[in-house]
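Please work through the exercises below with the sequence and the model side by side. Each one sets a task and then solves it step by step.

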Amino acid sequence: MSEAGPSPRARRQTPPRFYFSLRSPYSWLAHQDLLAHHPDVVERLEWRPFWEPDEESARALEAAGGRFPYVPMSREKHLYILQDVRRLTRERGLEPTWPVDREPCWEVPHLAWLVAQDAGRGPEFVGRVYRARWQEGRDVCDPAVIGELGAELGLPAERLAGAARDPELRGRGVSALLDVWRDGVFGVPFLIDGHDKFWGTDRISDFARSVRGRAAEGGNRKSVKSGYPNAPADTVARSADGGHAGGCG
């Protein structure tokens, strides 16, 4: 049986949460918008990773009583996303590359993020990986690439490169995926403030207003930098996105 989720009171008291994916172009754009237009909100965020688990993580997640929301993506929707992302990036003055994911293992960058977060460099690591993937066309599921990116930030390259092979980090990854399930996250970017949930790049401003309003009312707690202090196939074939293109798995 799965563990019970947080009580309503506990949810009201938790910091605002940003579920990000190092795979998703929409999550990348949400990250860009938050930094550019809502830096005060970014300082209050609890960062939470979202990724499509490999077979090992999926088995462990199921054994823990959770599940991940896989939704097949049609070729038509994939082609739309290509066009939509190109349009959205140009509106922001960005020129993206579109990476080709061949048998990616998304544990590689997302479990490495846990290492970066432990060292107090989680947000910087997210930004660097996004730039590598979406502007430099690098394979961020290559452990060697992740090690290089971590070294640029002064982080231990071998530790980051080997994160997906580390049993302790694998266990923490399952805990992170359980939080995805408990919070009802079905795609990214996904943001939560108290009981209110916001999905998609077009909800960033609404989320920011909610966070500022709750802070003004004294309902927000101090900034939390650590999302976890203790604690998929190609882009055409698989997605966690069940709706509009403003949010994508």
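**Exercise 1: Two phenylalanines and their rings**

Task: Decide whether Phe-190 is buried or exposed, and then classify its ring pair with Phe-186.

Solution. Phe-190 has a relative accessibility of 2%, and therefore counts as buried, where buried means under 20% relative accessible area, exposed means over 50%, and partly exposed lies in between, with a 1.4 Å probe and protein chains only. Phe-186, at 33% relative accessibility, counts as partly exposed. This is a predicted model, in which local features need pLDDT of at least 70 and side-chain atom pairs count only at pLDDT 80 or more, while totals for chains, interfaces and linings use all residues. Residues are numbered from 1 along each chain as its sequence is written, and side-chain values use heavy atoms, with hydrogens and water left out.

For the rings, the rule is that those of Phe, Tyr and Trp (its six-membered ring) pair if their centres lie within 6.5 Å, with planes under 30 degrees apart counting as stacked, over 60 as edge-to-face and the rest as tilted. By this rule the count comes to ten aromatic pairs. Another of the pairs joins Trp-98 and Trp-134, whose ring centres are 5.3 Å apart with planes at 65 degrees, so this pair is edge-to-face. It links distant parts of the chain, since Trp-98 sits in the loop between α5 (75-91) and α6 while Trp-134 belongs to helix α7 (residues 122-134), 36 residues apart. The centres of the Phe-186 and Phe-190 rings are 5.3 Å apart and their planes stand at 80 degrees, so this pair is edge-to-face.

**Exercise 2: The strands around β4**

Task: Describe how the side chains of β4 (residues 190-193) are directed, and state which strands pair with β4.

Solution. Helices (H or I, at least four residues) and strands (E, at least two) are DSSP runs, numbered from the N terminus. From β4, Phe-190 and Ile-192 point one way and Leu-191 and Asp-193 the other way, and all are buried. Two strands pair if DSSP finds at least two bridges between them. β1 and β4 pair in the antiparallel sense over three bridges, and Arg-17 has Ile-192 of β4 as its bridge partner. β4 is also joined by four bridges to β5 (residues 196-199), again antiparallel, with Phe-190 opposite Trp-199. The hairpin of β4 and β5 has two residues between the strands, and Gly-194 in this hairpin takes a positive phi near 65 degrees.

**Exercise 3: The nonpolar core**

Task: Find which residues touch the most other members of the largest nonpolar core, and list what Phe-125 touches.

Solution. A nonpolar core is a set of buried Ala, Val, Leu, Ile, Met, Phe, Trp, Tyr and Cys residues joined through side-chain atoms within 4.5 Å. The largest has 63 residues, of which Phe-18, Phe-20, Trp-47, Phe-125 and Ile-146 touch the most other members. Helix α6 (residues 107-118) supplies the largest share of this core, seven residues. Contact means heavy atoms within 4.5 Å. Leaving out residues up to four places away in sequence, Phe-125 touches Leu-22, Pro-109, Ala-112, Trp-113, Ala-116, Ile-146, Leu-153 and Leu-160. Phe-18, Phe-20, Trp-47 and Trp-113 form one aromatic cluster.

**Exercise 4: Helix α8**

Task: State which residues of helix α8 (residues 143-152) are buried, and what covers them.

Solution. The buried residues in α8 are Val-145, Ile-146, Gly-147, Leu-149 and Gly-150, and their cover includes α6, α7 and α9. At the start of α8, a side-chain oxygen of Asp-142 reaches to within 2.9 Å of the backbone nitrogen of Ala-144. Just after α8, Gly-154 takes a positive phi of about 80 degrees. Ala-157 lies in helix α9 (residues 157-161), and contacts Gly-147 and Ala-151 when neighbours within four places in sequence are left aside.

**Exercise 5: Two cysteines**

Task: Explain why Cys-141 is not bonded to Cys-105.

Solution. A disulfide is a pair of cysteine sulfur atoms within 2.5 Å, and a search of the whole structure finds zero of them. The sulfur of Cys-141 is 6.6 Å from the closest cysteine sulfur, in Cys-105, which is too far for a bond. Cys-141 is buried at 11% relative accessible area, whereas Cys-105 is partly exposed at 22%.

How values were computed: Polar contact = N/O pair within 3.5 Å; in protein donor to acceptor, adjacent residues only side chain to side chain.
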